[in-house]
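Please open the model in your viewer and keep the selection tool at hand. The tour goes from the sheet to the core and then to a pair of helices.

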Amino acid sequence: MNAKNKREKRYRRHKRVRAKIFGTKERPRLCVFRSHKHIYAQLIDDTKGHTLVSANDLELKNSKIKKTKVDIAFEVGKLIAQKAKKLKIKKVVFDRGGYKYHGRVKALAEGARSEGLEF
């Protein structure tokens, strides 16, 4: 299976997930994107089409501790939850972005939950 087919399959899964999930200002959508090197998370208000807050592993580069990608994803989850708390957001809808709920995506979700974000 080549990379183009993988991307297309993920895109199809993502569209299927997005048909069922909708974020509001009170309960925004926590959207996850992962590349080979990095992981990104955003809180999105779909009624206006605005990103309320975002976080990624590039913001964590100041820590010089060598960690696995899964550990970094957990930290990004904690970071997005802390930023959401500042905006007084406690509940979100989780959008896994067509990825399996496993590995880095699962770690990000658990990191967000550990800081008090409710799915």
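Two strands count as paired if DSSP finds at least two bridges between them, and strands (E, at least two residues) and helices (H or I, at least four) are DSSP runs numbered from the N terminus. This is a predicted model, in which local features need pLDDT of at least 70 and side-chain atom pairs count only at pLDDT 80 or more, while totals for chains, interfaces and linings use all residues. Residues are numbered from 1 along each chain as its sequence is written, and side-chain values use heavy atoms, with hydrogens and water left out.

Select Asp45 first, and you will find it opposite His50 in β3; β2 and β3 pair in the antiparallel sense over 6 bridges. Widen the selection to the open sheet of 4 strands, which has the order β3-β2-β1-β4 with mixed pairing, and whose edge strands, β3 and β4 (93–95), each pair on one side only.

Next, colour the largest nonpolar core, which has 23 residues, those with the most contacts inside it being Leu30, Leu43, Ile80, Phe94 and Leu108. Such a core is a set of buried Ala, Val, Leu, Ile, Met, Phe, Trp, Tyr and Cys residues joined through side-chain atoms within 4.5 Å, where buried means under 20% relative accessible area (1.4 Å probe, protein chains only). The largest share of this core, 6 residues, comes from α2.

Around Leu43, contact (heavy atoms within 4.5 Å) reaches residues including Pro28, Leu52, Ile80 and Val92.

Finally, show α2 and α3, whose axes (lines fitted to C-alpha atoms over the stretch in contact, with angles from 0 to 180 degrees between N-to-C directions) are 7 Å apart, at an angle of about 35 degrees.

Methods:
Buried < 20%, exposed > 50% of the residue type's maximum accessible area, 1.4 Å probe, protein only. Lists of a residue's contacts leave out its neighbours within four places in sequence.
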